[in-house]
Amino acid sequence: MSSDNKSNNSILIILVGGLAVVLALLGGVLLFGAVGETDPEPVAANMGAVSAEADTVRSADLPQVNATLPPPAEPTDLPVATVTNTPIATDTPVPTATPLPTATPTPAPVVQAPAAAVAAPTDTPVPVPAGPCHLAEQNGMLLIDIDSAPAVGGWVFENSAAGFFGDGYYTYRGEESLRQPNNSVLSYPIYINNPGVYEVHLWNYHDHPDTSEGNDAWLQISGGVRSWVKTFSGFRDQWNWDNLFEPSPGNHTEPVVSFPAAGAYTLEVTGRSHGFSIDRIIVVKPEMLIHGRNPDLPQSGCQ
Ligand SMILES: [Ca+2]
Ligand SMILES: [Ca+2]
């Protein structure tokens, strides 16, 4: 019997315990169910408000973000500024090109150069020949002392006949050479600055009893100015300038020559008839003939 009782008691205990657990669980469910129903709306309201706020905030923030996004449009302005700076840079090379026109004054000295070149010809008409002294014509006058060249051949230095310039003169004492020039050539380098027509006169002397004897010499000027020509004087026993050319027998002409250009020439004299004296030779323009005869003038200078 006892075992049955015990088993019955155990079953009872289990049933009571199970009932208690069921009751406990039911009470808890009721308790939590009441609490869950009291807060839900406010919570839901708050949640909605919060969600609404969240939306408004998000929406408000989003447009603001979008509003703040436009400023990035400024970068678009920045490239514009860089573009505006670029044309400025293009303007900058223009002022750099301006200094080039300032370099234009350089051509000015080029203009001065030709001006100096123009003045040069007037100062130096023709290059001065190298070598011996060239007796130079100045102001239409060229004065040559016969003894400025050494006496050669039949020429003799003398000073017995009064009326000569300086220390003396030359007299041809060689053999007569009536048909052609001989070897007793006196040579005078000369320089003509002013080309044109000139007259050649000899300060001469002869005392032969026959006026037509011992009264002439040969003369020539290089450069085609005057080939050898007989030059004679008709005045006896006196120093005079009155000589003429005789290019052919009986053809008497004024002793005129013409220099085609400025430059160096050579005047030469050689003997023709015995006893003819020459002291000075002048090559002068016709309008300067009287001045060229002045015995006080010294021989022309060298050039
Ligand atoms: Ca003399
Ligand atoms: Ca003669």
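Two strands are said to pair if DSSP finds at least two bridges between them. With that in hand, a good place to enter this predicted model is the meeting of strands S7 and S8, which pair in the antiparallel sense over five bridges. Here isoleucine 221 has arginine 226, in S8, as its bridge partner.

This pair belongs to a wider arrangement. Seven strands form an open sheet, and reading across it gives the order S1-S5-S12-S7-S8-S9-S10. The pairing within the sheet is mixed. S1 and strand S10 (251–253) stand at the edges with a single partner strand each, so one side of each is left without a neighbour in the sheet. In total, the protein has seven helices and 13 strands.

Before going further, it helps to know how confident the prediction is. The mean pLDDT of the protein is 73, and 57% of the residues reach 70 or more. Over residues 10–124 the pLDDT is below 50, and this stretch has zero contacts in the model beyond near neighbours in sequence. At the start of the chain, residues 1–8 likewise stay under 50, with zero contacts beyond four places in sequence.

The contacts that do occur often span long stretches of chain. Among those between residues at least 6 apart in sequence, 75% join residues at least 24 apart. Of the 303 residues in the protein, 21% are buried.

The interior can be described through its largest nonpolar core, which has 35 residues. Those with the most contacts inside this core are Leu142, Ile144, Ile190, Ala217, Leu267, Ile278 and Ile281. At least two core residues are supplied by each of S2, strand S4 (169–172), strand S5 (186–192), strand S6 (196–205), strand S7 (216–221), S12 and strand S13 (276–284). The largest share, six residues, comes from S13. For a closer look, isoleucine 281 is in contact with Ile144, Ile146, Val200, Leu202 and Leu267, leaving aside its neighbours within four places in sequence.

Tyrosine 265 offers another view of the interior. This residue sits in strand S12 (residues 263–271) and is buried, because 23 other C-beta atoms lie within 10 Å, where 20 or more are required. Not counting residues up to four places away in sequence, tyrosine 265 touches Ile190, Ile192, Ile221, Ser222, Gly223, Val225 and Phe259. One of these, Ile221, is the residue whose bridge partner is arginine 226. Tyrosine 265 also illustrates how distant parts of the chain are brought together: leucine 135 is 130 residues away along the chain, yet the C-alpha atoms of the two are separated by 9.8 Å.

Two loop residues deserve a mention for their backbone angles. Most residues other than glycine have a negative phi. Asparagine 139, however, has a positive phi, near 55 degrees. This asparagine lies in the loop between strand S1 (135–136) and strand S2 (141–145), and counts as exposed because it has 11 C-beta neighbours inside 10 Å, the limit being 12 or fewer. Aspartate 237 also has a positive phi, in this case near 60 degrees. The loop that holds aspartate 237 runs between strand S8 (226–233) and strand S9 (243–248). With 12 C-beta neighbours inside 10 Å, aspartate 237 counts as exposed as well.

Methods. Residues numbered from 1 in each chain as written. Chains lettered and ligands numbered in written order. Predicted model: local features only at pLDDT ≥ 70, side-chain atom pairs only at ≥ 80, totals over all residues. pLDDT = per-residue confidence, 0-100. Contact = placed C-beta atoms within 7 Å. Helix = DSSP H or I, 4+ residues; strand = E, 2+ residues; numbered from the N terminus. Core = buried A, V, L, I, M, F, W, Y, C linked by C-beta atoms within 7 Å.
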